[in-house]
Amino acid sequence: MSETQETRSSAYAILEAAGYSLTPIGKGNRVVMKVQKGGSTFDALVKTASLGNAMVKTSSGDPDTAKISGFGGDTSHVIFAVGGRRGRVDAYLVPSIEAEEAFRKAQRDYLPEHPNAVKNTTWVIYFGSNGDAGANGYANKWAKYRIVPDGGPSAAGQDAPERTDPAEPGKLTIAEAKRLLALSLGVRPEDVKISINA
């Protein structure tokens with residue numbers, strides 16, 4: 001499993017531990033989940049930030065007119081699966097309009113300091129402090145959108161909930177591994193085949 005898939009799977013496990021139900025929608029480059037909790041159902045784009053920075057591709061470098069790939073009227077939220085130091089993962093469920101504006105603001109702030117980057121079509125926001133000032137600190141800015149498993153601590157940077165086989169604590173079951181891989185890849189669990197070469 002790639003680092004991106006591991007980060008997504010851990011974020012999905014956090015959401016599920018907090019009572020959200022996730023179902024992959026469609027296939028292709030864009031990962032979208034149908035999200036349900038209680039009586040609420042909505043579609044969410046998934047963005048993975050394995051190293052703490054989330055990126056988007058755009059149609060141009062203009063922060064006011066560029067189309068951002070993956071963003072559109074068909075999703076109301078963005079799930080940010082954010083990796084960090086020592087393998088920790090956080091999950092954020094952010095309204096799409098706010099996530100889109102964050103990327104546009106980061107590009108607006110970036111251009112005056114980098115005037116030759118007007119053709120930049122990869123925009124980045126950072127959950128830590130690795131980038132330019134205007135693009136940094138989204139872990140704090142979006143703290144209210146961070147998903148915390150029910151009954152768990154609320155401090156940022158918690159380990160993803162561990163899924164185990166009750167018969168063998170600490171081990172991931174094959175069924176759970178298939179389910180998490182299926183969510184990460186946007187396929188059905190029955191389409192996932194696991195082979196172990198010992």
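In this predicted model, the side chain of S50 forms a polar contact with the side chain of T7, at 3.1 Å. S50 lies in a loop that joins two strands, β3 (40-49) and β4 (53-57). With a relative accessible area of 13%, S50 counts as buried, because the limit for that class is under 20%. Leaving aside residues up to four places away in sequence, the neighbours that S50 touches are E3, T4 and T7, together with A81, G83 and G84. T7 thus appears twice in this picture, as a residue touched by S50 and as the polar partner of its side chain.

A second site of interest involves I174, which belongs to helix α4, spanning residues 174-185. Its relative accessibility is 46%, so I174 is classed as partly exposed. Together with I194 and I196, I174 makes a nonpolar surface patch of about 290 Å².

Turning to the chain as a whole, the fold comprises 4 helices and 7 strands. Read from the N terminus, the order of elements is α-β-β-β-β-β-β-α-β-α-α. The chain has 198 residues, of which 41% are buried. Among contacts with a separation of 6 or more, 57% are between residues 24 or more positions apart. As for the surface, about 10700 Å² of the chain is exposed, and carbon and sulfur atoms supply 51% of that area.

Key
Residues are numbered from 1 along each chain as its sequence is written. This is a predicted model: local features need pLDDT of at least 70, side-chain atom pairs count only at pLDDT 80 or more; totals for chains, interfaces and linings use all residues. Side-chain values use heavy atoms; hydrogens and water are left out. Patches are made of residues with over 30% relative accessible area and no salt bridge: like charges are joined within 9 Å, nonpolar side chains (Val, Leu, Ile, Met, Phe, Trp, Tyr) within 5 Å. Accessible areas come from the Shrake-Rupley method with a 1.4 Å probe; for residues, only the protein chains shown count as cover. A salt bridge is a side-chain nitrogen of Lys or Arg within 4 Å of a carboxyl oxygen of Asp or Glu. Buried means under 20% relative accessible area, exposed over 50%, partly exposed in between (1.4 Å probe, protein chains only). A polar contact is a pair of N or O atoms within 3.5 Å; within protein, one must be able to donate a hydrogen and the other to accept it, and residues adjacent in sequence count only if both atoms are side-chain atoms. Contact means heavy atoms within 4.5 Å.
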